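Q: Could you take me through one part of this model up close, and then show me what sits around it? I'm new to this, so plain words would help.

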Amino acid sequence: MKNFYDPLKYRFDSLRFFIRSNLTKNLSSKLLFKKELTKLSEKQNEIFYSLKEKGFAKSSLDDLFGDNKEILYKFNSIVKDLKKSKDFDDAYKNFRENINETGKHYIHRLNDNKSFRIDINSYLINFILNDKIIDIVNSYFGMYAKLNTADLWVTFLDKEKNKRTNAQNWHRDRDDVKILKIFLYLNDIDSNNGATEYIPFSRKKEKYEHLAKFSYGNIAPWKVYPRLNADKDIDNSDIVKFTGNKGTLYFVDTTGMHRGGFSDKDDGERIFGYWSFLSPASVLFNKNFHEPNKDDLKKFKPKQIKAIT
């Protein structure tokens, strides 16, 4: 595994984050959020309290939006266009050729080119900035959070893949001390086609915090992917599989231990919308969407503008 750990950079990033979190960025965002009270609906509150208690919450388009036909129609169109592209065919071919090699060959994004940026007017952006979602996000952070990623993922599955690689192993994300990812299932996902697994109560100061070091930022690979003996280190009854039908929504704090996208039982694919939010203090933003211009900003509410700028 390539060693990306730079001790000096890690210390510098940690200091920057401490200052931004306690003295500048997060502090000002918290104070502003407290002034502008957000009232959650009963369904939103269920998600919020589940997140606070366990680190994840399961919901659905039906629960939050009522009629989901229009939403799913728009996402189905995005998936359809994606699958017609040469990039998709090339990505699947690459997966087959490197099926058991280290790397994320098993994942195809809306565009695998790292320089690609999603249009700020994309439905992927408009959907996630809906009040029904963004109010939950901000309430969980206790401030105005920042959108970092808006994407659509296809996970390729094949019974010939006989070992887990990269994020298919247990790990916790390191972009912030609190990270909220949202997944919208665009096909039925179960334990046979790569459902993500999560260990509740594995965030900081919880039952399973010892499973991997809490280090913000650029840390050593063996701390990102700790070697766990699942039978010894984890009570299997505590592991939750994120299964669900098309239209299922999961809200997940990925500083908790998780893994996903692996199956040696079925061929096929796992398809989902994917979004991530960080606090304003993070120094590890990797936004995959275009910065909005003045005309773009006229289309958004103040809290939406705070999320994308």
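A: Let's begin with a single strand and then visit a few other spots.

Keep in mind that this is a predicted model. Our main stop is strand 7, which covers residues 248-253. Six of its six residues are buried, so strand 7 is largely enclosed by the rest of the structure. To count as buried, a residue needs under 20% relative accessible area.

Here's a handy idea for reading a strand: in a regular strand the side chains alternate between the two faces of the sheet. Now split strand 7 that way. Thr248, Tyr250 and Val252 are on one side, while Leu249, Phe251 and Asp253 are on the other. All of these are buried, and both faces of strand 7 are covered.

What about its partners? Strand 1, residues 56-60, runs antiparallel to strand 7, and five bridges join the two. You can find one spot on that seam by looking for Lys58, which stands opposite Tyr250. Strand 4 also pairs with strand 7 in the antiparallel sense, again over five bridges. There, look for Leu180, which has Asp253 of strand 7 opposite it.

Strand 4 (180-185) also helps us find the next stop, the loop between strand 3 (146-157) and strand 4. Gln168 is found in that loop. You might not guess how hidden Gln168 is: its relative accessible area is 0%, so it counts as buried. A polar atom of the Gln168 side chain lies 2.7 Å from the backbone oxygen of Gly261. Leaving aside neighbours within four places in sequence, the residues in contact with Gln168 include Tyr106, Lys161 and Lys163, along with Arg259, Gly260, Gly261 and Phe262.

Next up is another sheet. Three strands form an open sheet in the order 6-5-8, with antiparallel pairing. Strand 6 (240-241) and strand 8 (258-259) are the edge strands, each pairing on one side only. Two bridges join strand 5 to strand 6, and one pair to look for is Tyr198 with its bridge partner Val240 in strand 6.

Follow the chain on from strand 5 (197-198) and you get a loop that leads to helix 9 (221-224). Phe201 is in this loop, and its phi is near 60°, a positive value in a residue other than glycine. Lys205 lies in the loop between strand 5 and helix 9 too, and has a positive phi of about 65° although it is not a glycine. As for cover, Phe201 is partly exposed at 33% relative accessible area, whereas Lys205 counts as exposed at 76%.

Let's swing over to a helix. Nine of the eleven residues of helix 8 (residues 131-141) are buried, so helix 8 is largely enclosed by the rest of the structure. Among the buried ones are Ile133, Asp135, Asn138 and Phe141. At the N-terminal end, Asn130 acts as a cap: a side-chain oxygen lies 2.9 Å from the backbone nitrogen of Lys132. Just after helix 8 comes Gly142, with a positive phi of about 75°.

We'll finish out on the surface. Leu15, Phe18, Ile19 and Leu23 form a nonpolar patch there, with about 410 Å² of accessible area together. Leu23 is in the loop between helix 1 (7-22) and helix 2 (25-35), and is exposed, with a relative accessible area of 59%. Set that beside strand 7, where six of the six residues are buried.

Technical notes: Residues are numbered from 1 along each chain as its sequence is written. This is a predicted model: local features need pLDDT of at least 70, side-chain atom pairs count only at pLDDT 80 or more; totals for chains, interfaces and linings use all residues. Side-chain values use heavy atoms; hydrogens and water are left out. Patches are made of residues with over 30% relative accessible area and no salt bridge: like charges are joined within 9 Å, nonpolar side chains (Val, Leu, Ile, Met, Phe, Trp, Tyr) within 5 Å. Accessible areas come from the Shrake-Rupley method with a 1.4 Å probe; for residues, only the protein chains shown count as cover. A salt bridge is a side-chain nitrogen of Lys or Arg within 4 Å of a carboxyl oxygen of Asp or Glu. Helices (H or I, at least four residues) and strands (E, at least two) are DSSP runs, numbered from the N terminus. Buried means under 20% relative accessible area, exposed over 50%, partly exposed in between (1.4 Å probe, protein chains only). A polar contact is a pair of N or O atoms within 3.5 Å; within protein, one must be able to donate a hydrogen and the other to accept it, and residues adjacent in sequence count only if both atoms are side-chain atoms. Contact means heavy atoms within 4.5 Å. Two strands pair if DSSP finds at least two bridges between them.
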